[in-house]
Amino acid sequence: MVDPRAGGPDRSVPRGTRLRALAAAILGVLACAITPAPANAVEIVDEYPMEMIYTPAGDGTYWAVNSSRIYHLSAGGGIEDSFAVNRGGFFPQSIGVYGNRVYVMSSAQLLSFRTDLDVEPNPGLVFNDAETGDRFGGNQAMIRIAGNGVAAVALGQTNKVGMVDLTTVGVDPPFYGQSWFGGGVNDLSGQSNVFQACVISGPVAGGPNATCGRGFGQTGAAPGQFDRAEDVAFVDGGVLVLENDSHRVSFVATSRGGCPCADFVWGSGPGDAAGQLNDPASIVAIPGTGRVLISNVGSRRIDEFTTAGDYKRSFGFGVREGPGSEFETCGIGIGPCEAGVPYQQNPLSYFSQLDIVDGELLARTPLDNSIQIISLDGGAAPDKVKLAASPVRVKKGKTTTLTATLRPCPQSATHVLFQEERGSGWSNLGAKRKVNASCRATRGEKITKRTRFRAVSLASDGRTVSRSAPVNVTVKR
């Protein structure tokens with residue numbers, strides 16, 4: 001790690017300690033291999049209601065939060081469970097999930113809550129130490145959590161980005177290993193806007209690294225001088241930082257020796273032409289493709305780029321044929337792009353938060369309080385089955401209802417087989433069940449211990465069409 005202020009190694013924490021404690025977590029990010037371009041067309045294949053700040057849980061369900069409660073929601077948006085957050089000054093900005101905890105950014109604090117306890121108020125509440133809160137230093141914060149437990153937080157109000165290691169949550173009191181970067185973030189005087197970064201593995205109050213990440217980030221034209229960091233996407237070798245006010249994206253390398261390092265920027269605007277950004281709000285990587293999607297709010301569409309910034313295509317309502325048109329695709333080899341239809345004509349033109357789940361794009365449309373499920377593979381969505389359990393926490397000996405939903409509806413599958421994980425395999429729960437006219441099948445199952453379920457969709461000849469992600473059901477304590 002190089003200290004940008006001194007021009008030499010930062011030895012406030014022993015080098016070996018830093019590398020052992022943080023390299024695997026903070027500097028190890030998700031890899032994306034570049035593959036051929038996707039097909040030209042996209043299609044909205046489903047819609048879920050969503051009125052709150054949310055995050056997908058990875059099993060087809062969601063965690064959501066408002067000013068007083070945290071909710072576990074089914075794939076269709078129904079409430080599975082919830083608990084009160086009896087805490088003053090609770091103003092959530094974003095939410096994420098990792099392991100058995102949900103994490104909420106609220107009032108410059110990173111709060112975490114156990115998801116497997118039936119206790120109120122504040123089940124398993126843990127919040128970060130005052131030092132980490134000082135480094136967050138702002139209320140405008142979007143949290144993104146990678147599969148390895150690294151959380152990246154885009155701090156638009158303070159023009160910087162923080163990365164914290166959530167695998168250390170068991171420490172009491174908790175101190176998350178962390179790194180910070182942005183223009184002048186180690187300069188409390190606010191005089192420098194040069195890109196700076198630092199890594200710390202433990203509390204440093206009053207120590208030689210006490211200024212690490214505490215300064216407000218300063219803006220500028222160079223890479224890493226973030227101008228309202230709005231969102232972060234994990235990509236091969238580092239992170240992409242979406243900057244709202246400068247209508248661009250910065251790449252910060254995190255996996256090379258001596259980094260984090262601000263490498264390059266891309267994007268131009270504001271403007272509505274193909275490849276331009278205009279008030280961008282969210283960025284997400286498409287796994288295994290070397291591409292990212294950006295919700296281009298000012299142009300009322302979603303844009304697709306390579307991670308190096310090469311523009312590929314856009315989609316939205318009226319982006320090619322203009323007002324009155326349906327959901328369309330435009331871009332290279334397809335046709336010229338324009339801004340989507342105004343929000344007043346179609347509230348679905350306003351896309352905000354983006355997520356990728358099971359190869360599909362989840363795009364929030366907040367003006368109608370919903371999430372649009374968008375297939376990216378050239379039109380019709382592949383046959384899939386999604387499983388939900390209601391409730392997901394039950395008293396011992398009580399019953400949960402398993403609901404399997406086929407998408408699209410109809411599809412080649414006609415039956416569903418419910419299964420329970422036993423040992424290293426899966427056992428069938430009775431005979432296969434025929435799906436109804438709504439492409440759903442249900443089964444009630446008595447719960448005596450924590451159980452893992454899945455659903456398998458079958459064609460009329462008995463062959464497997466698709467398998468759902470597993471769903472966990474636990475026993476209330």
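A residue is termed buried when its relative accessible area is under 20%, exposed when that area is over 50%, and partly exposed in between. The structure described here is a predicted model, and this classification is applied to it throughout the following paragraphs.

Of the 477 residues in the protein chain, 56% are buried by this criterion. The accessible surface of the chain amounts to about 18600 Å², and carbon and sulfur atoms contribute 50% of it. The secondary structure comprises two helices and 38 strands. Among the contacts of the protein chain with a separation of 6 or more, 52% involve residues 24 or more positions apart.

Two arrangements of strands are described in turn. An open sheet of three strands has the order β29-β31-β35, with antiparallel pairing. Its edges are formed by β29 (384–390) and β35 (440–446), each of which pairs on one side only. Neighbouring strands in this sheet are turned by 20° against each other on average, direction ignored. Between β29 and strand β31 (residues 399–407), seven bridges are found, and the two strands run antiparallel. Within this pairing, Leu-387 has Ala-404 of β31 as its bridge partner.

The second arrangement is a hairpin built from β12 and β13, with four residues between the strands. Strand β12 spans residues 141–145, and four of its five residues are buried, leaving the strand mostly covered. Its pairing with strand β13 (residues 150–155) is antiparallel and extends over five bridges. One bridge places Ile-143 opposite Val-153 of β13. In the same hairpin, Gly-149 adopts a positive phi near 90°.

Salt bridges number 17 in the model. One of them joins Glu-131 to Arg-135, with 3.2 Å between the closest N and O atoms. Both residues belong to helix α2 (residues 130–136), and because they lie four residues apart in this helix, about one helical turn separates them. Glu-131 and Arg-135 are each buried. This pair also takes part in a network of salt bridges that links Glu-131, Asp-134, Arg-135 and Arg-214.

A salt bridge between Glu-321 and Arg-320 has its closest N and O atoms 3.9 Å apart. The cut-off for a salt bridge is a side-chain nitrogen of Lys or Arg within 4 Å of a carboxyl oxygen of Asp or Glu, and the pair is therefore counted. Glu-321 has a relative accessibility of 55% and is therefore classed as exposed. Arg-320, by contrast, has a relative accessible area of 33% and is therefore partly exposed.

A further salt bridge connects the side chains of Glu-421 and Arg-452, at an N to O distance of 3.4 Å. Because Glu-421 lies in strand β32 (residues 413–422) and Arg-452 in strand β36 (residues 451–459), the pair ties together parts that are 31 residues apart in sequence. Glu-421 has 34% relative accessibility and is therefore partly exposed. Arg-452 has 29% relative accessibility, so this residue also counts as partly exposed. The value for Arg-452 falls in the range between the limits of under 20% for buried and over 50% for exposed residues.

Key
Residues are numbered from 1 along each chain as its sequence is written. This is a predicted model: local features need pLDDT of at least 70, side-chain atom pairs count only at pLDDT 80 or more; totals for chains, interfaces and linings use all residues. Side-chain values use heavy atoms; hydrogens and water are left out. Buried means under 20% relative accessible area, exposed over 50%, partly exposed in between (1.4 Å probe, protein chains only). Two strands pair if DSSP finds at least two bridges between them. Axes are lines fitted to C-alpha atoms, for helices over the stretch in contact, and angles run from 0 to 180 degrees between N-to-C directions. Contact means heavy atoms within 4.5 Å. Accessible areas come from the Shrake-Rupley method with a 1.4 Å probe; for residues, only the protein chains shown count as cover.
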